[in-house]
Amino acid sequence: QVQLVESGGGLVQAGGSLRLSCAASGRTFSSYAMGWFRQAPGKQREFVVAITWSGGSTYYADSVKGRFTISKDNAKNTVYLQMNSLKPQDTAVYYCAAETVEAFAQYGPGQRQGYDYWGQGTQVTVSS
């Protein structure tokens, strides 16, 4: 089991920045790929970004490339999402999720069904 707790959400003006954190506890954090998804009101949960267990590879949705950066600190069991140049369309609940090596091989980094563990979410609101 892996427990995930997100923090760092809030209200920010367009063009601003936020950094989300996801603290993990439980089984070996370094064994998991970590992803961030988001869900806006009335929309399906969508992939944002992911990072492999070693931190050696990252994957970004086209909508956030060049603006968001994911990083992983295995010593602190924490994954971060730095969000810059925020836009109103980035408004959503952001979820942290963990994916096993086996699931990553089957589903890749961007499929919801590959992730077994999810946090409770943190709200990000970007005002225009």
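Which residue takes a positive phi in the hairpin of β7 and β8? Some friendly notes follow, beginning with that hairpin.

1. N77 is the residue in question: its phi is positive, near 55 degrees, in a hairpin with four residues between the strands. Strands here are DSSP runs (E, at least two residues) numbered from the N terminus. This is a predicted model, in which local features need pLDDT of at least 70 and side-chain atom pairs count only at pLDDT 80 or more, while totals for chains, interfaces and linings use all residues. Residues are numbered from 1 along each chain as its sequence is written, and side-chain values use heavy atoms, with hydrogens and water left out.

2. The two arms of the hairpin, β7 and β8 (residues 78-83), run antiparallel and are joined by six bridges. Two strands count as paired if DSSP finds at least two bridges between them. Opposite D73 stands T78 of β8.

3. Side chains alternate along β7 (residues 68-73): F68, I70 and K72 point to one face and are buried, whereas T69, S71 and D73 point to the other and are not. Buried means under 20% relative accessible area, exposed over 50%, and partly exposed in between (1.4 Å probe, protein chains only).

4. The hairpin belongs to an open sheet of four strands, ordered β1-β3-β8-β7 with antiparallel pairing. Its edge strands, β1 and β7, each pair on one side only. On average, neighbouring strands are turned by 15 degrees against each other, direction ignored; axes are lines fitted to C-alpha atoms, for helices over the stretch in contact, and angles run from 0 to 180 degrees between N-to-C directions. Inside the sheet, six bridges link β3 and β8 in the antiparallel sense, and C22 has V79 in β8 as its bridge partner.

5. C22 also forms a disulfide with C96, the sulfur atoms being 2.0 Å apart (the cut-off is a pair of cysteine sulfur atoms within 2.5 Å). C22 lies in β3 (residues 18-26) and C96 in β9 (residues 92-99), so the link ties together parts 74 residues apart in sequence. The link is left-handed, with -75 degrees about the S-S bond. C22 is buried at a relative accessible area of 0%, and C96 is buried at 0% too.

6. The largest nonpolar core has 34 residues, and L4, M34, W36, V79, M83 and Y94 have the most contacts inside it. Such a core is a set of buried Ala, Val, Leu, Ile, Met, Phe, Trp, Tyr and Cys residues joined through side-chain atoms within 4.5 Å. Beyond its neighbours within four places in sequence, L4 is in contact (heavy atoms within 4.5 Å) with residues including C22, M34, C96 and W118.
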